[in-house]
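Let's walk through this one together, starting from a single strand and working outwards. Have the viewer open as you read.

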Amino acid sequence: MAIAAGTFDTLELRGVGRSFGGATALADLDLTVRAGEFIALLGPSGCGKSTALNCLAGLLPLTHGEILIDGERVDTVAAEKRGFGMVFQNYALFPHLTVEKNIAFGLQMRGVAKPEIKRRVGEALELVKLEQHAKKLPGQLSGGQQQRVAIARAVVLEPRLVLMDEPLSNLDAKLRLEMRTEIRRLHQSLGLTTIYVTHDQEEALSMADRLVVLREGRVQQVGTPEELHNAPVNWHVADFMGYRNLIDLEVSAVAGNAVTVEGRGLTLRGTAVDPAAVGDHVRVAIRPEDLTVVSPGAPVQGGNTTSARVSVVEYHGREFAVGVMTPGGLALHVRSDHAPRVGSTVELTADPDRVRVYRAELEDPSRMSVEERELAEVRR
Amino acid sequence: MSAPTAGRGTPAARRGGRAARGKSTASMRHRLAERGVDVSLLMLLPALVFAVVLFIYPFSYGIGLTFQPTPAMQEQWGAGIWSNYVAFFRDGFIFDSVWITMRLALPVALFNVLVSIPVAFKLRHRFRGKKALTTLLVLPITLGTVLTAQGLLIFAGRQGWLNRFLLEIGVIDQPLQLVNNYLGVMFSLIISGFPFAFLLISSYLSGIDPSIEAAAKTMGADWKQRFRRITLPLLAPGLATTFILTFVLAFSVFPSARLVGDASGETRVMALMAYRAFGELLDYPMASTIAVMMGVVELVVIAVVLLWRSSMYKGSTGGKG
Amino acid sequence: MTAHTTAPGVDLPLPEPRRKGSSRAPGEKALVAAPSTWIVWAGVAAFFVFLLGILTSVVVDSFGRPWFDTWLPETATAEWYSGAWDRFGMAEVIGVTLVVAVSVIVLSVLIGVPAAYLLARRTFPLKRTITLLFLLPVLMPPITYGIPLATVMYNIGLGRTLTAVILVNLVPSVPFVIMTMTPFIEQINPTIENAARMSGASMRMVFQRILLPLLVPGILAASVLVLVRTVGMFELTYLVSGPGSDTLVVAIYRAMTASGGGEARQLVSSMAVVYTVTMMVILIIALRYVSPTQLVARVKDSRED
């Protein structure tokens, strides 16, 4: 392949932060990226992930910290001199230039010779399968095609780092799945280093080598998809990773990691993630897939059982997603391999290993700002 | 770093010093960046220079001038530096022009806005010749008051086509006095102001998402309720702006007041008085005083309109937020 | 005129279906319009009759010899035009008008566009104050700032010069360019500039290759609007102009109000026709680039409607 990524060994973000006026959009981001990695920045809207990407790109000046490539500072370098490529959420194609000229633009800026430009644009077009649309204007293309132009425009420069800002969020579901595979394919075949911002946990889990979960401008957890999926470090990350059942309960017994929690007519055995003592208020997180309706005749797992009334049943292909209501008035999302009748009472069970028990507060109160502490007080 | 310092300090201290200095400038840049200050703000410079040199300075100079009345003024009205203002309020000849101006500008602005609303509503959908119609409406705006005045004098004069037509069909038996009085100025202001108001209101109307009104319709609102409860509040900011702009237009009228009005009587507007002081009496301080008072009177009207607007609806005019 | 249409019985149209004939059968209801529709149309028609009357009477007058107590003048002649041309130095007046208009356009675009760009794209300290400062001249009666400004001009010896005429006309024009260009720049997606920078374009290149081509329609529209306004601007020009720096409108005004009851009416009419024709030509060219609504409003005419 003629298009190949420029290289570096490590990209290091040290205490990177950005505030606007008094408001902090991003604080203390520390991250080391190795060449060839695919990193996803993940979080709900307003968590600071796009700010982080724009700071990295040089489009937003930092207000704290520094960015280094192989030990050399790049945060003082202008965006256009960093040699990064970027794909934007709304594509940001130049509306007055044809597809070809959009892709050629960056090469022209770098003073690449004309025949060379022609060759590389041709290759890039081939790469994203848009050869027959070369002479069209962006307005004449579909969303998916525009997105491919945007990607071609970024990779044709052989950037040492590709930044992607929710590139798939404006596409429909089917196209999104296709493009996911496409981006992953490009990443692997070109050996690109990619930083990818998204709010879609499924997207992030399926594409990235490592994930960075952000909340309110702060990093919550950095890890592989598996680590994040199986072992979120706090209930917020858990919530974001699809632990849809979050239940506030009280610890009644502790034996090492294994804790028993009670409340609202419910007793559960689970695994403590944070140190817990009897009487602590905790938040229990369980994935719907881990909380199942007991089939007639099947055993309950680890003695964890409770009964609940079925309120809604959805068919999900191989299994059923069931909404239930416990006698204590808790609405839970569970799975079932058969279709229970709405209004009937079913037995639920969960593996204690998959019942994760978190401290109810997200952070040390000492680390919170005054404002956050007040907010926490009010919530309680 | 200067040589003597370098000589005294150890290499390590020197490095430290340089690092510290680098850090402090960087954080200064950080702090400025956080507030949105950097070199590109220089693009604002030409416009700022323009505003200061051609607007702020002359205007402040003019205000200063109002406190330097001519000896003649001081003698006539006393009150030292305030004598221009005393003259403005006490000299009936000058002060009456405030009412004369208001009597002309307020009804005209109100008329232009109120008539534009139904017309804009009727013409808001697509129809053949819409572009031609709007183009024709632009005409009077570009013609300006001087031209309209000349046309009115001929068309609506005692022997003009209008009177001739009305006489011919027997509606009147004496030619109507339509120019060289209050009516003439009013006509001329409507001819140039109405298209302006209409085009403005049309464009505000087109900014309101039709589906908002459709939603109200599905909820059972009839056209009166839709207009009063949905469209009018959404249109209110636009109406206020339109009113203010047409008012400003009518308020500063001066060629037509002279040409088709009765410059020494019914249409002796403030602008005319200001120009008389400036161009004929060469009393610059008094001219500035009248000019400044024009601004004040207008500000009062604008403030009242904005007050009305804020009581209607606080927010954007639908559409693109 | 159309005063009675403001009565509260006006029927407001339902939101019109987007495509023709999508909701009603062809022909149905199309001919039976509500009375209010007729009132509105009648009002609009009356307005145009008035307007047409005003325009044509000037034209007829300018070609007529004696025209007093008849529907039309007795004989037609073109000699008022040659008369006016010589008497008022029309060649010079038109030249002055063009020089003023072009200078004002160029200067106000050069001053206004960069400022509009910053106002559209950035936040910075005192932004609200600065915006207000730029808009103030539009909200004020021209005489209010015109008289102090003219006084300053006369004090520094610029009175009755071409420079003064150009400078005073900048005062409403620059804010006007800022007002029209700011929303225009806002609707250009800012990430496009970011994308260009990420492709390695320097700020100059971003401006030259990406922004400028995208801004051209907006600049053209703004220029046309400034042109129309400057040529038609009477109040400010009149305050500082004199022989050799009068624009067309001012020259006509002077002719109408010249001592001794003004010049012969037909002379003025013929000048007025020259002015009207000039404006029409400008307008016809202008309307190729801008929608009529833009001549008065900063709001873009929606394409849907």
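This is a predicted model, and a good place to drop in is strand 8 of chain A. Look at which way its side chains go: A:Thr194, A:Tyr196 and A:Thr198 point to one side, A:Ile195 and A:Val197 point to the other, and all are buried. Strand 8 covers residues 194–198, and 5 of its 5 residues are buried, so the rest of the structure largely encloses it.

What sits alongside it? Take strand 3 of chain A, residues 38–42, to begin with: it runs parallel to strand 8 of chain A, and 5 bridges join the two. If you want a spot to anchor your eye, find A:Leu42, whose bridge partner in strand 8 of chain A is A:Thr198.

Now swing over to strand 7 of chain A, residues 161–165. It also runs parallel to strand 8 of chain A, here with 4 bridges between them. On this pairing, A:Val162 is the residue standing opposite A:Thr194 of strand 8.

How does the chain get from strand 7 to strand 8? Follow helix 5 of chain A, residues 173–190: together with strands 7 and 8 of chain A, helix 5 makes a right-handed β-α-β unit.

Before you close the viewer, hop over to chain C and check the confidence there. Its average pLDDT is 78, with 78% of the residues scoring at least 70. Two stretches deserve a more careful eye. Over residues 1–31 of chain C, pLDDT stays under 50, and the model has 45 contacts beyond four places in sequence for them. Over residues 297–305 of chain C, pLDDT likewise stays under 50, with 17 such contacts in the model.

Notes
Residues are numbered from 1 along each chain as its sequence is written. Chains are lettered from A and ligands numbered from 1 in the order in which they are written. This is a predicted model: local features need pLDDT of at least 70, side-chain atom pairs count only at pLDDT 80 or more; totals for chains, interfaces and linings use all residues. Side-chain values use heavy atoms; hydrogens and water are left out. Buried means under 20% relative accessible area, exposed over 50%, partly exposed in between (1.4 Å probe, protein chains only). Two strands pair if DSSP finds at least two bridges between them. A crossover is right-handed if, with the strands pointing away from the viewer, the path from the first strand over the helix to the second runs clockwise. pLDDT is the predictor's confidence in each residue, from 0 to 100. Contact means heavy atoms within 4.5 Å.
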